[in-house]
Number of protein chains: 2
Amino acid sequence: MSTSQPDAFGDHDHAVCRAATLQAALDRLAQSGARLTPVRKRTLEILLESHRAMGAYEVLGRLAADGFGRQPPVAYRALDFLVEQGLAHRVQRLNAFAACLHPDRDHAPAFLICRNCQRVAEADAGPAACALRQSAQGFHVERLTIEALGLCPPCAAQDA
Amino acid sequence: MSTSQPDAFGDHDHAVCRAATLQAALDRLAQSGARLTPVRKRTLEILLESHRAMGAYEVLGRLAADGFGRQPPVAYRALDFLVEQGLAHRVQRLNAFAACLHPDRDHAPAFLICRNCQRVAEADAGPAACALRQSAQGFHVERLTIEALGLCPPCAAQDA
DNA sequence: TTGGCAGCGTTACAATATCACATGAGCACT
DNA sequence: AGTGCTCATGTGATATTGTAACGCTGCCAA
């Protein structure tokens, strides 16, 4: 599914999208040996329900409603775990988290955030990262954050 | 001074650097017609004292010590103003603000954040932005955030 | 069986950011 | 000078986001 992953902005059967992404995530975890406990799994499912990024407290509310703990560390720990495992990403610009859309492979994602429909997609940051290293003149880049705010194709069309 | 601006990571006469950058900022404001009130000017000076990014509350503390208001909006308003005018930037990764090092010209900055000495420099994000637009496949980018965390050349040398 | 440890939950708190409202300074027009 | 306007400032209150610290439990290996 990797390269044919439906784009988050396009129309697609999200039930399938979600299930496929979840399965890829499970596979990845099985390999790494990390434990997908109930809170963690539920957290991932919550993130996968939409292509929006969710705040930690929004996730926490959902978890609490499902009978899990209702204190911030519960959500933060689960989210941090998912991020560490590469199953979710943190979107700095929104102080929020989004499920990874390509958990089946390592990648350097750039985020595309639609300011109208709030959806978030991932683009390949590789070329941009290369370009940046050129400009960076000797700076040793360890982690790179690239986030674009704008309009997704459907919203742009509707806007015009 | 534009292209010969001393790099924030290198040794340089910061008094000169600061004065030159401040002057460029003043020139820019004079053109735009915006008002550089005392709080705003002081805020800019505070940011210019170092090449670190400062949190809003750190700035607020300094402002309060100088006799300005001591409530958060005082700092946020001044900082927002500077950002709007292009005289400062917000560093998302740090939830902090840094003076713009090149206020004399419009630019799309990428930030280079040294995790050791905490200094922040700006690199040209132009090429990376172009590369990203290629990857973004029809997404209409309005604002682009590029932030690299790593080691600046001096710190990397010392580390090895 | 017992010691260690990861995971979870809780309390408490720290750090960051915004809202809403009142005051005051400067300016244009009369 | 007086009036009304706009912008900037200051304040209190509150919202949002994020951590530290501690205890309990269940699991597992020695």
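## Exercises on a two-chain model with DNA

In this predicted model, 14 residue pairs, both at pLDDT 80 or more, are in polar contact between chain B and chain A.

**Exercise 1.** Work out which elements of chain B supply the side that touches chain A, and which of them gives the most.

*Solution.* Begin with the elements that each supply at least two residues of this side of chain B, namely β3 (109-114), β4 (120-124), α5 (126-136) and β5 (140-151). Next, weigh their shares: β5(B) gives the most, with 12 residues. Finally, sort the residues of the side of chain B that touches chain A by class, which yields 20 nonpolar, 8 polar and 6 charged residues.

**Exercise 2.** Describe the extent of the interface between chain B and chain A, and find how many salt bridges there are between them.

*Solution.* First take the contacts, in which 34 residues of chain B meet 34 residues of chain A. Then turn to area, since the size of an interface is often given as the accessible area lost when the parts come together. Here about 2700 Å² is buried between the two chains, and carbon and sulfur atoms give 59% of that area. As a last step, count the salt bridges between chain B and chain A, of which there are 2. One pair that meets in a salt bridge is B:Glu142 with A:Arg115, whose side chains are 2.6 Å apart, N to O; this value lies within the 4 Å cut-off for a salt bridge.

**Exercise 3.** Determine how strand β5 of chain A is joined to β5(B), and which residue stands opposite A:Thr145.

*Solution.* Strand β5 of chain A covers residues 140-151, and 11 bridges join this strand to β5(B). The two strands run antiparallel. Within this pairing, the residue of β5(B) that stands opposite A:Thr145 is B:Glu147.

**Exercise 4.** Identify the residues closest to DNA strand C, and say which atoms of the DNA some of the side chains approach.

*Solution.* Start with the surroundings: 17 residues surround DNA strand C, and the closest are A:Thr37, A:Gln71, A:Arg77, B:Tyr57 and B:Arg90. Of the atoms of DNA strand C that come within 4 Å of the protein, sugar and phosphate account for 48%. Now look at single side chains. A polar side-chain atom of A:Gln71 lies 3.4 Å from a phosphate oxygen, and a polar side-chain atom of B:Tyr76 lies 3.0 Å from a phosphate oxygen, whereas the side chain of B:Tyr57 has an N or O atom 2.5 Å from a base nitrogen. To finish, divide the residues of the surface near DNA strand C by class, which gives 8 nonpolar, 4 polar and 5 charged.

Conventions: Residues numbered from 1 in each chain as written. Chains lettered and ligands numbered in written order. Predicted model: local features only at pLDDT ≥ 70, side-chain atom pairs only at ≥ 80, totals over all residues. Heavy atoms only, no water. Contact = heavy atoms within 4.5 Å. Buried area = accessible area lost by both parts, 1.4 Å probe. Polar contact = N/O pair within 3.5 Å; in protein donor to acceptor, adjacent residues only side chain to side chain. Helix = DSSP H or I, 4+ residues; strand = E, 2+ residues; numbered from the N terminus. Nonpolar A, V, L, I, M, F, W, Y, C, P; charged D, E, K, R; others polar. Pairing = 2+ DSSP bridges. Near = heavy atom within 4 Å.
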